[in-house]
Amino acid sequence: MEAKFQQHLEQLASQIETHLMAYVRVTPEIQRQAKVMEAMQYSLEAGGKRIRPVLVLEFCRICGGSQEQAMAAACALEMIHTFSLIHDDLPEMDNDDFRRGKPSCHKAFGADVALQAGDAMLVAAFAALIDAPLLTAERKLELLHILAEATGAAGMIGGQIMDMAFERRSDVTLEEQEAMCMAKTGALIRAACRLGCTAAGASKERTALADKYGAKLGLAFQIVDDILDVTSSSDVLGKPVGSDAEEGKTTFLTLLGLKQAQEKAADLTKEAKALLEQFPENAFLLALTDELLCRNK
Ligand code: GRG
């Protein structure tokens with residue numbers, strides 16, 4: 001199972017990467033914007049686990065859809081995620097010099113280009129869906145709605161705004177921390193599951209189940225992210241570690257301690273897997289859910 005799982009994961013990631021690079025190809029019409037395009041390519045090809053697009057493709061598959069139907073949504077979501085990482089690393093935000101094992105976008109290209117590359121990536125994500133092959137206009141509209149809601153002030157960006165406000169406070173409660181992480185990290189992971197189901201034309205009930213799974217996985221994912229910031233190394237993670245503690249940030253670790261945080265992530269993983277039981281051909285997603293709990297980066 002382990003080897004088969006790894007092989008399938010690598011195959012999906014490689015297909016996603018091929019499609020992603022096609023969206024940022026420099027064509028003769030955009031020669032003058034080559035620097036920004038280069039920065040977009042740099043951040044997109046820097047690697048990363050590709051969890052969100054893999055979830056899109058897999059939920060589409062287990063809901064009876066094809067990879068071609070879901071690929072544009074998968075790439076669009078990874079572009080939104082990459083935009084958020086580029087902007088998150090900027091000096092005005094987290095000011096991180098490394099990402100995915102390489103100098104962050106602004107370190108390689110300057111803050112002005114990185115800002116524009118992030119903006120252009122955000123727009124390219126929506127354009128990818130608008131131009132998606134094989135989907136009806138109605139289905140594209142549903143997908144665009146999911147993507148917009150998950151990205152905006154009610155989703156990831158809203159979570160980032162909450163996170164920044166929490167940095168000025170030392171009395172953040174567990175409930176508030178969960179709400180912030182559900183938006184900042186959970187929104188895109190939930191969207192991944194919903195995008196996959198919607199691309200396949202799954203029922204509302206099925207899509208709602210996938211959304212519930214995504215909510216649990218998203219929270220578990222962020223708890224593990226907080227844990228790794230303390231227990232891992234920058235070599236393994238490809239980005240600085242210990243920054244949360246350095247900045248005195250509230251995290252699941254400061255609120256719960258290591259043991260309880262690990263237990264909470266394990267409980268959420270178990271609940272997420274129970275929801276997956278209601279889907280056919282779920283072996284890969286079950287293994288992925290476990291893998292994300294035990295990951296080292
Ligand atoms: C200007 C308010 C404002 C917002 C801009 C910066 C931003 C948008 C949002 C920040 C969102 C963010 C960086 C969330 C972190 C989520 C997270 C756990 C990221 C790491 O995801 P992985 O582990 O990364 O999947 P890889 O590199 O593997 O893709």
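**Cavities and cores**

Let's start with the second largest cavity. Its lining is Asp163, Phe166, Glu167, Arg169, Val172, Gln177, Met180, Gly248, Lys249 and Thr250. Keep in mind that this is a predicted model. The volume here is about 50 Å³. Two elements give two or more residues to this lining: α8 (156-166) and α9 (174-200). By character, the lining residues split into 3 nonpolar, 3 polar and 4 charged.

Now the largest cavity. It holds about 90 Å³ of space. Around it sit Tyr42, Ser43, Ala46, Thr82, Leu85, Ile86, Asp89, Arg99, Arg100, Pro103, Ser104 and Cys105. Which helix supplies the largest share of that lining? That is α4, with 4 residues. Helix α2 (34-44) also supplies at least two, as does α4. The split for this lining is 6 nonpolar, 3 polar and 3 charged. In total, the model has 3 cavities of 30 Å³ or more.

On to the packing. The largest nonpolar core has 77 residues. Leu55, Phe59, Met79, Tyr213 and Leu288 have the most contacts inside it. Helix α4 turns up again: residues 67-89 give the most to this core, 12 residues.

Take Met79 as a close-up. What does Met79 touch, leaving aside residues up to four places away in sequence? Its partners are Leu20, Tyr23, Leu44, Met121, Ala124, Ala125 and Ala128.

There is also a second, separate core, with 17 residues. Among them are Val172, Leu253, Ala261 and Ala265. Val172 takes us back to the start: that residue also lines the second largest cavity.

Terms used: Residues numbered from 1 in each chain as written. Predicted model: local features only at pLDDT ≥ 70, side-chain atom pairs only at ≥ 80, totals over all residues. Heavy atoms only, no water. Core = buried A, V, L, I, M, F, W, Y, C linked by side-chain atoms within 4.5 Å. Buried < 20%, exposed > 50% of the residue type's maximum accessible area, 1.4 Å probe, protein only. Contact = heavy atoms within 4.5 Å. 1 Å grid on protein atoms, 1.4 Å probe; cavity = no way out; pocket = protein on both sides within 12 Å on 5 of 7 lines; lining within 4 Å. Points joined across faces, edges and corners; volume = space filled by probe spheres on them. Nonpolar A, V, L, I, M, F, W, Y, C, P; charged D, E, K, R; others polar.
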